[in-house]
Amino acid sequence: MNPNHSDILVIEDDKQIQIFLKYVLEKEHYACQQAETGEQALTRLEDRPADVILLDLGLPDIDGMDLITKIRSRWDTTPILVISARDQDEEKAAALDLGADDYLTKPFSSTELLARIRTALRHCPAAGKPAGKIGELALDRNQHRALLGGREIHLTPLEYKLLETFFESPGKVLTTQMIIQSVYGIQYAQDTRALRTLMAGLRRKIEPDPGHPRYILTEIGVGYRLADA
């Protein structure tokens, strides 16, 4: 997807932040829509669908968490990047569980914001199927196997399922509960110890240096994400 043709909807009621975001986005040749309330945002989306949504959680009319739910009920694939001063791990996890794709805590740099937007655009469903290759790591779903540098890695069924879960949402932050439910099932949603053990085993097989992961990155207090290409 060419960023010069990408449309970003900014849902933010702080005037100074509105000005800052508009400047940053338009400097990079993005088209920038703005909405100050949740209701305005829903109207904007009806009139002109966005490629990426930047959402502040502290809106004057609708709580940002509720707005995520409303957006997801009608636009289920548009990437939502939360930009919020709420920095509690529980808030981040809740937003991601409701359907947000990423979470950036204020204050943030324009460099980081633009990098997150580029990641969202590369991996949004409209751009095609989820990536099957990140760096030297590849997933061959047809033959149900993983490869590193072109050589097959021998994974257990659970390790393969864990890796597949990340490749289904490349670049997206997945909460611990989301991953556990995908790999083990909803009845094991609180079994974080099993996930940590499984993650450690997978990283030993795919990471050049498991202590400094290249492919599966930890989002402290929230979960994990598959690195960008």
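**Reading helix crossings, cores and loops**

Q: Which hand does the crossing of α3 and α4 have?

A: In this model, which is predicted, the crossing of α3 and α4 is right-handed.

Q: What describes two packed helices, beyond the hand of their crossing?

A: In general, two packed helices are described by two quantities, namely the angle between their axes and the distance between those axes. Here the axes of α3 and α4 come within 9 Å and cross at roughly 15°. Angles under 35 degrees count as roughly parallel, and so α3 is roughly parallel to α4.

Q: Which residues meet where α3 and α4 are in contact?

A: On the side of α3 they are Met-65, Ile-68, Thr-69 and Arg-72, and these meet Glu-91, Ala-94, Ala-95 and Leu-98 of α4. Sorted by character, the residues of this contact comprise 5 nonpolar, 1 polar and 2 charged.

Q: At what angle do the axes of α6 and α7 cross?

A: The same two quantities can be read for this pair: the axes of helix α6, residues 157–167, and helix α7, residues 176–183, come within 9 Å and cross at roughly 130°. That angle belongs to none of the parallel, antiparallel or perpendicular classes, and therefore α6 and α7 are oblique to each other. As for the hand, α6 passes α7 in a right-handed crossing. From α6, the residues Leu-158, Lys-161, Leu-162, Thr-165 and Phe-166 meet Ile-179, Ser-182 and Val-183 of α7, and the residues of this contact divide into 5 nonpolar, 2 polar and 1 charged.

Q: How many residues does the largest nonpolar core have, and which of them have the most contacts inside it?

A: A nonpolar core is a set of buried residues joined through side-chain atoms. The largest one here has 25 residues, and those with the most contacts inside it are Leu-9, Ile-11, Ile-53, Leu-55, Leu-67, Ile-68 and Ile-71. At least two residues of this core come from each of β1 (7–11), α2 (38–47), β3 (52–55), α3 (64–74), β4 (80–84) and α4 (89–98), and α3 gives the most, with 4 residues. Ile-11 shows how such a residue is surrounded: beyond its neighbours up to four places away in sequence, Ile-11 touches several residues, including Ala-35, Ala-41, Ile-53, Leu-55, Leu-67 and Ile-71. There is also a second, separate core of 24 residues, and this one includes Leu-162, Phe-166, Leu-198 and Ile-206.

Q: Is Ala-138 buried or exposed?

A: The word depends on the relative accessible area, and buried means under 20%. Ala-138 has a value of 16%, so Ala-138 is buried. Ala-138 is found in strand β7, residues 137–140, and, leaving aside neighbours within four places in sequence, it is in contact with Gly-132, Lys-133, Arg-145, Ala-146 and Leu-147.

Q: Where is His-29 placed, and is His-29 buried or exposed?

A: His-29 is placed in the loop between α1 (15–27) and β2 (31–35). Exposed means over 50%, and His-29, with a relative accessible area of 53%, is therefore exposed. The backbone deserves a look as well, for phi of His-29 is near 70°, a positive value in a residue other than glycine.

Q: What is the value of omega for the peptide bond from Lys-106 to Pro-107?

A: Omega is near -5°, and this peptide bond, from Lys-106 to Pro-107, is cis. Pro-107 lies in the loop between β5 (102–105) and α5 (110–123).

Conventions: Residues are numbered from 1 along each chain as its sequence is written. This is a predicted model: local features need pLDDT of at least 70, side-chain atom pairs count only at pLDDT 80 or more; totals for chains, interfaces and linings use all residues. Side-chain values use heavy atoms; hydrogens and water are left out. Axes are lines fitted to C-alpha atoms, for helices over the stretch in contact, and angles run from 0 to 180 degrees between N-to-C directions. Angles under 35 degrees count as roughly parallel, over 145 as roughly antiparallel, 65 to 115 as roughly perpendicular and the rest as oblique. A crossing is left-handed if the near helix is turned anticlockwise from the far one by less than a right angle, and right-handed if clockwise. Contact means heavy atoms within 4.5 Å. Ala, Val, Leu, Ile, Met, Phe, Trp, Tyr, Cys and Pro count as nonpolar, Asp, Glu, Lys and Arg as charged, and the others, Gly among them, as polar. A nonpolar core is a set of buried Ala, Val, Leu, Ile, Met, Phe, Trp, Tyr and Cys residues joined through side-chain atoms within 4.5 Å. Buried means under 20% relative accessible area, exposed over 50%, partly exposed in between (1.4 Å probe, protein chains only).
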